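User: I would like to go through a few geometric features of this model. Please reason briefly and end each answer on the value or name I ask for.

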Amino acid sequence: MRRWCLVLCIAAATAGAVELPRPAFANSFCLFPINERFHLRAPGDRERLVAWVGEMRAVLGPARLYAPLGVAIISEGEEWELFEFCRRQGVQLVLQGGAIEHHAVAWGFPRLLRDPAQGDRRFAQWFQDGLIADPGKEDQHDFGYRACASVYAKPVQALRRAADLPRSARIAASMKRYPDVVVGCSGPIECEMHQGDDRWGDYSPFTLAEFRDYLTHRGIYAAGAARAGEGWPGGQVFADDPSPDRAVGGNVTFNATFGTRFASWSLRYWDPEVYPERLPLDAPGLPQPGARGFLAGGFDAPRVWPGRPPLAGLAAEGNERLWEAWASTDDARPGFRAKLLSWWVGDHTRMLAEAGVPRERIFSHQIPGESYGLGRLSQGASMVQTAHTPSGSIGITTYFGAASDVEVFTKLTALDANWGIFEYHPHPIGALTAPVSEYLHSMWTCVRFRAHVLTPIDWTSDDKDFVVRRGPFAQAMAQVLAALPDQPYYDRAPVAYTPPAVAGVQAERLAGNQAKITWSPLLWPDLKHVWTDWRDFDQFEVRAADGRVLGRTREASLTVPGDGQGLRVVATRRPPVAIDQ
């Protein structure tokens, strides 16, 4: 008996037909439930991970070409043993994390704030009444101190970069070593301005000094400086004015423009240039006139919210133009507070990109404040625009009705077609009692707007209000995955792709004028997908040189009459199926 390889020449089924594209992160729908316990750090973890992977396969159904099995985890990017485990299990990962201004314990911000040698009260975000945390909540992890996002708070920025730069390098190294495992990353997680019941930030003197320079094109916004050209439009006319009430060359004054009565560019409260020494935590945020830290006629941001009663002792300052420059959440004119968040997010994604992480695999991780009402949007300043970053793609978090907010999805897809939701739960209260139809409506809305990554939270949770792996949420996920066409995710209509060429064809001559024809069961020789993984695959045809079909099968071998010479093996497909949403 002899073996020989057959040279194949398979024509496209129809003129102009396109061959089925290879699956990749870029053309797949990544439904990756968050699993905060998905790690290898303690005895028994490997067994738990194997069980969870099996459970996910059982609940969500078999692997799909363009909907891989995956998990989202909080990660510092250095879990090599875990990545190797996932490679062997066929599990992909999205890594979440990074230095954020609220969950700041991980990167050491509270320690810096309290450091007796260099800690400074101005490193934290301040409310408009000078407090740096809601009374009684100073030490709470979620609602205590938040880091000042201004670049003028240099020790905060240095500490943040000391955490984010090596993490970015580790994630880049992980993606290079495990490109088919570590497929994406998101962060920093939900950067907002500090909020309380009747309070909002940030009024740290560092932030106010940067706001002043933003309005007047000074400091970091001056010509030739790091953020030249990013200051308030038209603010360059104030750049050389000696004070807000005096203009050079006959220009209109700052005070006349913004309806203020400032007499000095120095801040009204605790100007860092006037008081460069550290400010203790117990120092008064808003010292009284005549007290140390106060400057009569000093520059300030508006502290009274239009339409809301002011907190005790605060008076309105400036006109509507000043308020808009400070706190607008209008898409056409975002205020300085929103821009601060954008810059914080942008710095994070830029560190990842400069470390070597591909831009299309970097996502932000922001709350779309527009989905949660004017109060949350105005106080937190987390507009959809704050998630838009030149070094990455848009990532948001959604709960309740925000998980299917068509208006927000329309807005963000106009900014970036590559986007994802990195905390996702349509019904975090009553998760087990909500009807499957409501979950399906939310998920199909996300698919219609082509959310690239969707991370339901949290796979391992047993909390009845957040459960994902059982009940209606799990049923909806399985139904959506089963209904998606087996073709690249971004196709908007069914496409009759031509099957790839069948590889590795060999013939073995048998007795009785027969030959056994074998070929690779893999769709692509270098990928793990077998032909039967493709739902549109129909069968193989073994054809003679004159085109006659000698046999059909769905297996990777077939015995046919003759000596096997001049035969071709062709894969055929079923007609594509449209999505029924």
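User: How are α5 and α8 oriented to each other, roughly parallel or roughly perpendicular?
Analyst: In this predicted model, the axes of helix α5 (residues 205–216) and helix α8 (residues 336–355) come within 11 Å. They cross at roughly 105°. An angle of 65 to 115 degrees counts as roughly perpendicular, so the orientation of α5 and α8 is roughly perpendicular.

User: How many residues of the contact of α5 with α8 are charged?
Analyst: On the α5 side, Thr207, Glu210, Phe211 and Tyr214 meet Phe336, Lys339, Leu340 and Trp343 of α8. The contact divides into five nonpolar residues and one polar, and the number of charged residues is two.

User: Which strands stand at the edges of the open sheet that holds β14?
Analyst: The sheet has three strands with antiparallel pairing, in the order β15-β14-β17. From one strand to the next the twist averages 25°. A strand with a single partner has one side left without a neighbour in the sheet, so the edge strands are β15 (549–553) and β17 (568–573).

User: Which residue in β15 stands opposite Phe540?
Analyst: Strand β14 (residues 537–543) runs antiparallel to β15, and four bridges join the two. The residue in β15 opposite Phe540 is Thr553.

User: What is the volume of the second largest pocket?
Analyst: The pocket is lined by 28 residues, and the closest to its centre are Gln92, Asp180, Leu527, Lys528 and His529. Its lining divides into 14 nonpolar, four polar and ten charged residues. The volume of the second largest pocket is about 780 Å³.

How values were computed: Residues are numbered from 1 along each chain as its sequence is written. This is a predicted model: local features need pLDDT of at least 70, side-chain atom pairs count only at pLDDT 80 or more; totals for chains, interfaces and linings use all residues. Side-chain values use heavy atoms; hydrogens and water are left out. On a 1 Å grid over the protein atoms alone, a cavity is a set of points where a 1.4 Å probe fits but cannot get out, and a pocket is an open set with protein on both sides within 12 Å along at least five of seven lines; lining residues have an atom within 4 Å of a point. Grid points are joined across faces, edges and corners, and a volume is the space filled by probe spheres set on the points. Ala, Val, Leu, Ile, Met, Phe, Trp, Tyr, Cys and Pro count as nonpolar, Asp, Glu, Lys and Arg as charged, and the others, Gly among them, as polar. Axes are lines fitted to C-alpha atoms, for helices over the stretch in contact, and angles run from 0 to 180 degrees between N-to-C directions. Angles under 35 degrees count as roughly parallel, over 145 as roughly antiparallel, 65 to 115 as roughly perpendicular and the rest as oblique. Contact means heavy atoms within 4.5 Å. Two strands pair if DSSP finds at least two bridges between them.
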